[in-house]
Amino acid sequence: MVFSSFVFICIFLPVTCLLNFVSPSLKVKNIVLTVVSILFYAYGEPVYVLLMLASALFNYLFAYFIDKERQNIKARKLILSGAVIVNLGVLGVFKYLGFLVETINSVCGIHIPVPAISLPIGISFFTFQALSYVIDVYREDVKVQKNFGKVLLYISFFPQLIAGPIVKYHDISDQLDHREESMELMITGWKRFVIGLGKKVLIANTVGSIADTIFALESGNMNSGLAWIGAIAYAFQIYYDFSGYSDMAIGLGCMFGFRFKENFLYPYAATSMKDFWRRWHISLSTWFKEYLYIPLGGNRKGKIRTIVNKFIVFFCTGLWHGASFTFILWGLYHGAFLMLEEMIPKVPNLIQKTLGRVYALLVIVIGFVLFRADTVGQAGMMISKMFTGVFANAQTESLTTQLLNPWNLFILVIALIGMGPIKIVLNKLKEMHNSTSIVGSIGICMSYIVTILIFVWCMFRLASSTYNPFIYFRF
């Protein structure tokens, strides 16, 4: 079940809100949210819901026994190692086993049967969440949760279950026991949900169709113009698709009293690749920083070790996204530019803000070609066409005109504008005019009107189109 579907918007969400509203206590609300979250996952994964439940149970037990062995450091380390092996082992079997067998067959020239294992939706997200809980308990950053139901709610909560953001246990542990709900939070959450829905349905779906068309072309039918259009369209698609989903998840959490951290902070306004990773998929980058980079030694063991640690992190970042050499190369590509930036002397802020943005966007867009391509060969072809395919013929000109029709151009302009810090500007205007002033009251009314218009527009688009993919569902 996707958030941008009639089943979710018209049936699941209203029923869940009603059940949560009539629940007399926080304990009952937690039970209701746990049950509906399991049903939400079972709607799309009727078999693998058992895997998700087993993950929650095993990690609950791992954390419980780690806490029980407080005085025995060796036992605690052994249990933690078991938790890491089990979690990553399950993830490895379902996500990477087929890729590993294919690679061995290709390298060794043998023919081991490739296991046909379907990928459970959201397995990377709920596995990392479960691991964060066990590690937090091991580090004594949080108290062990002895109520299995609360651990299950933390891992299975439907807003972030299948495509994030990755919610770390220490960020949400208090909210499981103490949170407030109000009509104001409900409205704020709904508005945030609608903004995310608009990003997904109106922008990501439109530019995604452009990208799919171009990435499906053969080499002889593509020139540099089409290659750049495809690369830019996909860069827009992945940002608005995933940030839109994150907005919807954050909005839904807010509607039920949960506060999730932001997952995107205008990443395409970055002035370097280091700055980009402070802004892009923040929940994943901070997870790797807290649970991999720092335990490896971070930057505390010399320059060479720091470089090795960062490459390990970005190798894992690429691999986390999928079992493919394109994802691995994408991760190493970003790691290489981060290392390059470490070696380049600092430049004045003015140059950093102007040339830095151009440099960062160029690196980002080219990198996402690797991310989107089905094979390394296709990525190489696309990137080479971007810089060398200057030819044009009737076919390429016709396709370019078809793709850059008035509606698509309008959406591309909106996508370009949306890259900027619009929310920051609006918040500053809000601070200048409080809600009791005439200007403030007009602004509040306009925000409701715009939200309603976006929602109605999205519903019409959903009714008239069958193209509605979610990129991060496969991760």
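**Entry 1: helix 10 and helix 18**

I began with a helix pair and found that helix 10 (residues 224-255) packs against helix 18 (residues 406-418) at an angle of about 65°, the axes being 11 Å apart. I note that this is a predicted model. I looked up the hand of the crossing of helix 10 and helix 18, and it is left-handed. I then listed the residues that make the contact: helix 10 supplies F236, Y239 and Y240, while helix 18 supplies L412, I414, A415, L416 and G418. I sorted the residues of this contact by type and got seven nonpolar, one polar and no charged. Gly is counted among the polar residues, and G418 is on the helix 18 side of the contact.

**Entry 2: N20**

I turned to N20, which I found in helix 1 (residues 6-22). Is N20 buried or exposed? I put N20 down as buried, because its relative accessibility is 2% and the cut-off for buried is under 20%. I next asked which side chain makes a polar contact with the side chain of N20. It is the side chain of E181, at 2.8 Å. I also listed the contacts of N20, leaving aside neighbours within four places in sequence: they are K29, V32, L33, E181 and F256. E181 therefore appears in my notes on N20 both as a polar contact partner and in the list of contacts.

**Entry 3: cysteines**

I searched for disulfides and the structure holds zero. I wanted to know why C17 has no bond to the closest cysteine sulfur. That sulfur belongs to C254 and is 12 Å from the sulfur of C17, which is too far for a bond; a disulfide needs the two sulfur atoms within 2.5 Å. I checked accessibility as well. C17 counts as buried because its relative accessibility is 15%. C108 counts as exposed, at 51% relative accessibility, the cut-off for exposed being over 50%.

**Entry 4: I195**

My last stop was I195, which lies in helix 9 (residues 183-215). I195 has 38% relative accessibility, so I entered it as partly exposed. Leaving aside neighbours within four places in sequence, I found I195 in contact with D247 and I454. How far apart are the C-alpha atoms of I195 and T401? I read off 30 Å for this pair, whose members are 206 residues apart along the chain.

Terms used. Residues numbered from 1 in each chain as written. Predicted model: local features only at pLDDT ≥ 70, side-chain atom pairs only at ≥ 80, totals over all residues. Heavy atoms only, no water. Helix = DSSP H or I, 4+ residues; strand = E, 2+ residues; numbered from the N terminus. Buried < 20%, exposed > 50% of the residue type's maximum accessible area, 1.4 Å probe, protein only. Polar contact = N/O pair within 3.5 Å; in protein donor to acceptor, adjacent residues only side chain to side chain. Contact = heavy atoms within 4.5 Å. Axes fitted to C-alpha atoms, helices over the stretch in contact; angles between N-to-C directions. Left-handed = near helix turned anticlockwise from the far one by under 90°.
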